[in-house]
Amino acid sequence: MSNNVRILWADDEIDHLKAQILFLEKKGYHVTPVTNGHDALEKCQEEAFDVVFLDESMPGLTGLETLSRIKQVDNNIPVVMITKNEAENIMEEAIGAQITDYLIKPVNPVQILHSLKKIIDSKELVGQATTSAYQQEFNRIFSDIQMGGDHQDWAGLYKKLLFWELELDNANTDEMSEVLAMQKKEANSEFCKYVERNYSNWVTGKKDGPVMSNTLLREKVFPHLDPECSNFLVVIDNLRYDQWKVLQPIIQQSFQLLEEDSFYSILPTSTHYSRNAIFAGLMPSDIARRHPQLWKNDIDQGGKNLHEKEFLADHLDMTNNRMKFSYTKVTNHRSGKSLVDNIQNMLHNKLNVIVYNFVDMLSHARTEMEVLKELASDEAAYRSITRSWFEHSPLWEALRKIDNKPIQLFITTDHGTVRVQNPSKVVGDRDTTTNLRYKHGRNLNFNKKDVLSVRNPVDEAKLPRPNVSSTFIFAKEDKYFVYPNNYNHFVNYFRNTFQHGGISLQEMIVPIVRMRSKV
């Protein structure tokens, strides 16, 4: 890599550094020497350099003054300050001016080479180390996929795959990322088989299963509510586990992590079913029976998530957790700014629930808008957009307004999404629902290998039955449902979009996190 690296070295005693410069040139680096700050600045304006070595005590323009002017020309260029002076104020000024490294005179060739390695070669070296580490882990992951295990094992395996996905993304190793993508695909295939074997027994109570949407608050939130402070439960709609991991470093600037865990979203992995189940503490068929005036099926007119506050109030009563609480739903920028304005008024409540819909809107907008298809072309880009949104969101602004108060913060979601790749043809009557990852209707015709079908929704999946003969089907892995009419158009239109409602690691295994302000 050193063969392409161009170094500018500014020192008023540059003639005394011939040995060091010759050493670097023999290593393949290209060095341009200058004797003062003015010449260094002029060279930076004329040519592109990969790194600048800058003597701190040059006459005329000092090293710090030259550094400041070079940063105005190119703020991203790495600068190594070389100084005889170890005074603390000099180092503080240099570091404040964004030096990348500093060396104390006299510098020897090995010191210089180490500094260059850190600056120029670090990313390549990190990539090599990450690739090597993943290669060593590959066989263990392969074995874990084949063995399967229980719901905890699958959650652990998914987190391990995400760890390596994020590591390889940071290391920018495309070849290994492709290998990992193949492992993730294989894991999803086996996970779907596991869910198909066990899901009905979990939701009907015939077999112990994971914490799921309907038990999330009872198991992971209510027992941990702190009576000495205000508790905030933030539900970010459609937040995958990997998206949480890129938000985590931002949030931990202000909040201390107490516990990070996961739970399984119920099927369908969609807001209508999973989020209502979270707040009601019930499976959808039980919600429909207990609250017939509030529950709406897919085919009914009107909003499907308009009564979450009532469901939560009833849930608190059922579990003897009666308390003063607030419920806020943010669906647009205006309601986001209202949250910022009002959040301090919530501190007198024991529990404050905030439902934030941005990520779900991003997912749907990506399907509809060509510009977002370009911006979020894959998982890495989707994570990047999520991080950028959060850093500038009213939600983060609101949380920072109360991070100096003693609060406990829960962050979770209702379900995740999967990037769909492979179409699966479905035939149904005009009352068949339009969802891409799950459908219900009468007389459905579908490829049995692509779906989990539930012919008796109430008894097998605790789902309301809109019609006597309704069947639910859930797409597995990265499949998406397409009708025969205008088939090719819709295949191309929806391929590589992020969808939810079906069975995949990304949709079902989602985060639940508990944090506390640092005061």
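A residue counts as buried when its relative accessible area is under 20%. Keep that cut-off in mind for the first stop in this predicted model.

**Stop 1: strand β16.** Select residues 471-475, which form strand β16. The strand is mostly covered, with five of its five residues buried. Now colour the two faces separately. T471, I473 and A475 lie on one side, while F472 and F474 lie on the other. Both faces are covered. In a regular strand, side chains alternate between the two faces of the sheet.

**Stop 2: the partners of β16.** Add residues 438-441, strand β13. β13 and β16 pair in the antiparallel sense over four bridges. Within this pair, Y438 stands opposite F474. Next add residues 451-454, strand β15. This strand also pairs with β16 in the antiparallel sense, over four bridges. Which residue of β15 should be picked out opposite F474 in β16? It is L452.

**Stop 3: helices α6 and α9.** Hide the strands and select residues 151-171 for α6 and residues 241-251 for α9. Two packed helices are described by the angle between their axes and the distance between the axes. Here the axes come within 10 Å and cross at roughly 55°, which makes α6 oblique to α9. The crossing of α6 and α9 is right-handed.

**Stop 4: the contact between the helices.** Show side chains for Y158, K159, L162 and L166 in α6, then for Y241, D242, K245 and V246 in α9. These two sets meet. By class, the residues of the contact of α6 with α9 divide into five nonpolar, three charged and no polar.

Technical notes
Residues are numbered from 1 along each chain as its sequence is written. This is a predicted model: local features need pLDDT of at least 70, side-chain atom pairs count only at pLDDT 80 or more; totals for chains, interfaces and linings use all residues. Side-chain values use heavy atoms; hydrogens and water are left out. Axes are lines fitted to C-alpha atoms, for helices over the stretch in contact, and angles run from 0 to 180 degrees between N-to-C directions. Angles under 35 degrees count as roughly parallel, over 145 as roughly antiparallel, 65 to 115 as roughly perpendicular and the rest as oblique. A crossing is left-handed if the near helix is turned anticlockwise from the far one by less than a right angle, and right-handed if clockwise. Contact means heavy atoms within 4.5 Å. Ala, Val, Leu, Ile, Met, Phe, Trp, Tyr, Cys and Pro count as nonpolar, Asp, Glu, Lys and Arg as charged, and the others, Gly among them, as polar. Buried means under 20% relative accessible area, exposed over 50%, partly exposed in between (1.4 Å probe, protein chains only). Two strands pair if DSSP finds at least two bridges between them.
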